[in-house]
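Student: I've got a structure open and I don't really know how to read it. Could you walk me through a few features?

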Amino acid sequence: MTTQPSKDLETFDNPQPGRDYTIRIDVPEFTCLCPKTGQPDFATIQIEYVPGALCVELKALKLYMWAFRDQGAFHEAVTNEILDDIVKAIAPNFMRIRAEFNVRGGIYTTVVVEHRNPKWQAPELVTLP
């Protein structure tokens with residue numbers, strides 16, 4: 001294999017740092033391991049963020065997500081770890097991660113975590129007629 005999983009998150013300069021806009025990324029094939037049984041857990045990870053000075057590079061994000069495939073993790077822990085790692089790499093103005101895990105033992109789990117830069121003011125919502 002020429003490509004390997006990696007926890008390194010590459011970034012690039014935000015092309016419009018003076019404008020608030022939202023980037024939405026869906027990761028429909030996230031996999032980690034149940035820390036109790038070692039069986040695979042499957043999830044869709046949805047990332048939404050308002051970038052600051054940096055954006056996350058998508059191939060690096062794909063390899064980052066792949067790195068969890070052999071890691072045992074509780075749903076709550078892995079969702080918070082992903083948020084913490086991406087926030088550390090790009091310092092977004094706002095980020096929300098929603099992890100929707102497939103059924104395990106008859107139970108679906110969804111974990112939602114957020115980060116907000118305390119110096120950032122969200123733009124006013126525009127409601128059109």
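Tutor: Let's start with Asp41, and keep in mind that this is a predicted model. Contacts tell you who a residue's neighbours are, so we count heavy atoms within 4.5 Å.

Student: Which residues does Asp41 touch, not counting those up to four places away in sequence?

Tutor: Phe30, Thr31, Cys32, Leu33 and Cys34 are on the list, along with His75, Phe101 and Arg104. Asp41 itself has its place in strand β3, residues 40-50.

Student: Is Asp41 buried or exposed?

Tutor: The cut-off for buried is under 20% relative accessible area. Asp41 has 5%, so it counts as buried. Its side chain also has a polar partner: a contact of 2.5 Å joins it to the side chain of Arg104.

Student: How do I read the sheet around β3? What is the order of the strands?

Tutor: Go across the sheet from one strand to its neighbour. Here there are four strands in the order β2-β3-β5-β6, paired antiparallel in an open sheet. β2 (23-33) and β6 are at the edges with a single partner strand each, so one side of each has no neighbour in the sheet. From one strand to the next, the twist averages 15°.

Student: How many bridges join β5 to β6?

Tutor: Nine, between β5 (residues 94-104) and β6 (residues 107-116), and the two run antiparallel. You can pick out individual pairs: Glu100 has Thr110 as its bridge partner in β6, and Ile97 stands opposite Val113.

Student: What happens where the chain turns from β5 to β6?

Tutor: That's a hairpin with two residues between the strands, and Gly105 takes a positive phi near 60° there.

Student: And the helices? Which strands does α1 lie across?

Tutor: For a helix on a sheet, ask what it touches and at what angle it runs. α1 lies across β2 and β3, at about 25° to β2. Helix α2, residues 75-90, packs on the sheet too, touching β2, β3, β5 and β6, and its direction makes about 155° with that of β5.

Student: I also see an annotation. Which residues does "binding site" cover?

Tutor: Treat an annotation as a label from a record, then look at where its residues sit. The unreviewed UniProt entry puts "binding site" on Val56, Glu57, Leu58, His75 and Glu76. Those residues are spread over 21 residues of sequence, and in space they reach up to 24.4 Å between C-alpha atoms.

Student: Are Val56 and Leu58 buried or exposed?

Tutor: Val56, in strand β4 (residues 54-56), counts as buried because its relative accessibility is 5%. Leu58 is found in helix α1, residues 58-66, and with a relative accessible area of 52% it is exposed.

Student: What is Val56 in contact with, leaving aside neighbours within four places in sequence?

Tutor: Leu9, Glu10, Phe12, Ile25, Tyr49, Leu61 and Ile90. Take Leu9 as the next stop: it lies in the segment before β1 (11-13), and at 17% relative accessibility it counts as buried.

Student: How far apart are Leu9 and Leu61 in sequence and in space?

Tutor: They're 52 residues apart in sequence and 6.2 Å apart in space, C-alpha to C-alpha. Among the other residues that Leu9 touches are Ala60, Tyr64, Asp85, Ile86 and Ala89.

Terms used:
Residues numbered from 1 in each chain as written. Predicted model: local features only at pLDDT ≥ 70, side-chain atom pairs only at ≥ 80, totals over all residues. Heavy atoms only, no water. UniProt positions renumbered as here; feature names shortened; annotations may be inferred. Buried < 20%, exposed > 50% of the residue type's maximum accessible area, 1.4 Å probe, protein only. Polar contact = N/O pair within 3.5 Å; in protein donor to acceptor, adjacent residues only side chain to side chain. Pairing = 2+ DSSP bridges. Axes fitted to C-alpha atoms, helices over the stretch in contact; angles between N-to-C directions.
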